[in-house]
Amino acid sequence: MKIIGITGRSGSGKSAVSALYRQLGYTVADADRVARQVLEPGSPCLAKLAAAFGPDAFTAQGAVDRQKLAARAFRDETSTQTLIDITHPEIVARLLAAADEAKSRGEALFFVDGAVIVGAPFEKYCDAIWLVSAPYEQSVARIRKRDGLTLRQARARLAAQLPVRALRKVAAREIRNDKDLEHLRSQAVAALEQEKGGA
């Protein structure tokens with residue numbers, strides 16, 4: 001079984017490609033959802049986060065105060081690395097467990113949808129990275145419509161992400177989302193066919 005990371009910058013259409021693959025019967029794990037789950041009550045990460053970032057980074061109910069944690073975790077590179085060191089082993093473990101389940105069902109491909117795969121600890125477990133890309137202004141327009149952001153906010157979000165050229169360097173395939181949804185679907189299906197054909 002191959003593990004394929006589907007990545008792309010915000011507004012690229014990555015989620016649409018993942019949704020299509022799910023419709024076609026493939027297992028697609030949502031890395032961003034798993035990253036949120038490891039901050040929920042019951043996660044083994046919570047005690048370590050409290051020790052690293054302070055018990056007051058939690059609500060009275062014991063849930064992570066995401067705003068406080070983000071403010072402390074992203075204030076400098078060392079703090080950000082601490083957050084990664086605590087949360088990513090658990091994220092990786094959960095994704096690999098889902099991959100093992102897919103493998104036990106006899107699936108040939110297992111997809112992981114994640115905005116941050118390239119450069120993150122899970123990248124080394126991927127047999128290939130597939131990039132979903134879109135023209136910059138189309139991405140900005142999609143982000144604004146989806147999240148209700150201003151033009152400046154949408155551009156700032158993209159500026160904070162890896163540039164598309166860096167993602168292209170590691171991508172085995174690129175699915176370009178520069179036309180309509182039907183065109184995106186045909187490209188996503190073509191990528192699957194090429195993969196199955198060994199191209």
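Student: Before turning to helix α3, how is the word "buried" to be understood, and by which relative accessible area is a residue called buried or exposed?

Tutor: Buried means under 20% relative accessible area, and exposed means over 50%. The model at hand is predicted. In helix α3, which spans residues 45-53, Cys45, Leu46, Leu49 and Phe53 are buried. These residues cover an arc of only 95° around the axis, so they sit on the same side of α3.

Student: Which exposed residues does the face of α3 turned away from its buried side carry?

Tutor: That face carries Ala47, Lys48 and Ala51, which are exposed. The cover over the buried residues of α3 includes α4 (66-73) and α5 (77-104). Just after α3, Gly54 adopts a positive phi of about 100°.

Student: What are the buried residues of α4, and against which helices do they pack?

Tutor: In α4, the buried residues are Leu69, Arg72 and Ala73. Their arc around the axis is only 95°, which places them on the same side of α4. They pack against α3 and α5. On the face turned away from the buried side of α4 one finds the exposed residues Gln67 and Ala71.

Student: How should the fold be read as a whole, and how many helices and strands does the protein have?

Tutor: One begins with the inventory of elements and then their order. The protein has nine helices and five strands. Read from the N terminus, the order is β-α-β-α-α-α-α-β-β-α-α-α-β-α.

Student: What radius of gyration would a compact globule with 199 residues have, and what does the protein have?

Tutor: A compact globule with 199 residues would have a radius of gyration near 16 Å; the protein has 18 Å, which agrees. Along the principal axes, the C-alpha atoms fill a box of roughly 50 × 45 × 30 Å. Of the 199 residues, 40% count as buried. Among contacts with a separation of 6 or more, 70% come from residues 24 or more positions apart.

Student: What does the surface of the protein consist of, and how far apart are the mean positions of its charges?

Tutor: The protein exposes about 10900 Å², and carbon and sulfur atoms supply 52% of that area. There are 30 positive and 23 negative charges, with mean positions 4 Å apart.

Student: Turning to single residues, is Lys14 of helix α1 buried or exposed?

Tutor: For a single residue, one may consider its element, its accessibility and its contacts in turn. Lys14 belongs to helix α1, residues 14-23. Its relative accessible area is 9%, so Lys14 is buried. Neighbours within four places in sequence left aside, Lys14 is in contact with Ile6, Thr7, Gly8, Asp32, Asp113, Gly114, Ala115 and Val132.

Student: Where is Ser133 found, and which residues does Ser133 touch?

Tutor: Ser133 is part of strand β4, residues 128-133. With 6% relative accessibility, Ser133 counts as buried. Residues up to four places away in sequence are not counted here; beyond them, Ser133 touches Ser12, Val164, Arg168, Glu174, Ile175, Arg176 and Asn177.

Student: Which residues does Leu184 touch?

Tutor: Leu184 lies in helix α9, residues 181-196, and is buried at a relative accessible area of 3%. Not counting residues up to four places away in sequence, Leu184 touches Gly13, Ala16, Val17, Val132, Ile175, Arg176 and Asn177. Separation along the chain and separation in space are read side by side. Leu184 and Asp32 are 152 residues apart along the chain, and their C-alpha atoms are separated by 22 Å.

Student: How far apart in space are Ile143 and Leu158, C-alpha to C-alpha?

Tutor: The distance is 9.3 Å, across 15 residues in sequence. Ile143 occupies helix α6, residues 136-147, and has a relative accessible area of 0%, so Ile143 is buried. Leaving aside neighbours within four places in sequence, the contacts of Ile143 are Ser10, Gly11, Gly148, Leu149, Ala154, Arg157 and Leu158.

Student: Where does Leu149 lie, and is Leu149 buried or exposed?

Tutor: Leu149 lies in the loop between α6 and α7 (151-159). At 18% relative accessibility, Leu149 counts as buried, the limit being under 20%. Residues up to four places away in sequence not counted, Leu149 touches Ile143, Arg144, Ala154 and Arg157. The C-alpha atoms of Leu149 and Glu182 are separated by 26 Å, with these positions 33 residues apart along the chain.

How values were computed: Residues are numbered from 1 along each chain as its sequence is written. This is a predicted model: local features need pLDDT of at least 70, side-chain atom pairs count only at pLDDT 80 or more; totals for chains, interfaces and linings use all residues. Side-chain values use heavy atoms; hydrogens and water are left out. Helices (H or I, at least four residues) and strands (E, at least two) are DSSP runs, numbered from the N terminus. Buried means under 20% relative accessible area, exposed over 50%, partly exposed in between (1.4 Å probe, protein chains only). Contact means heavy atoms within 4.5 Å. The radius of gyration is taken over C-alpha atoms; the globule rule is 2.2 Å times the number of residues to the power 0.38. Accessible areas come from the Shrake-Rupley method with a 1.4 Å probe; for residues, only the protein chains shown count as cover. Lys and Arg count as positive and Asp and Glu as negative; His and the chain ends are not counted. The place of a charge is taken as NZ of Lys, CZ of Arg, CG of Asp or CD of Glu. The arc is that of the directions from the helix axis to the C-beta atoms.
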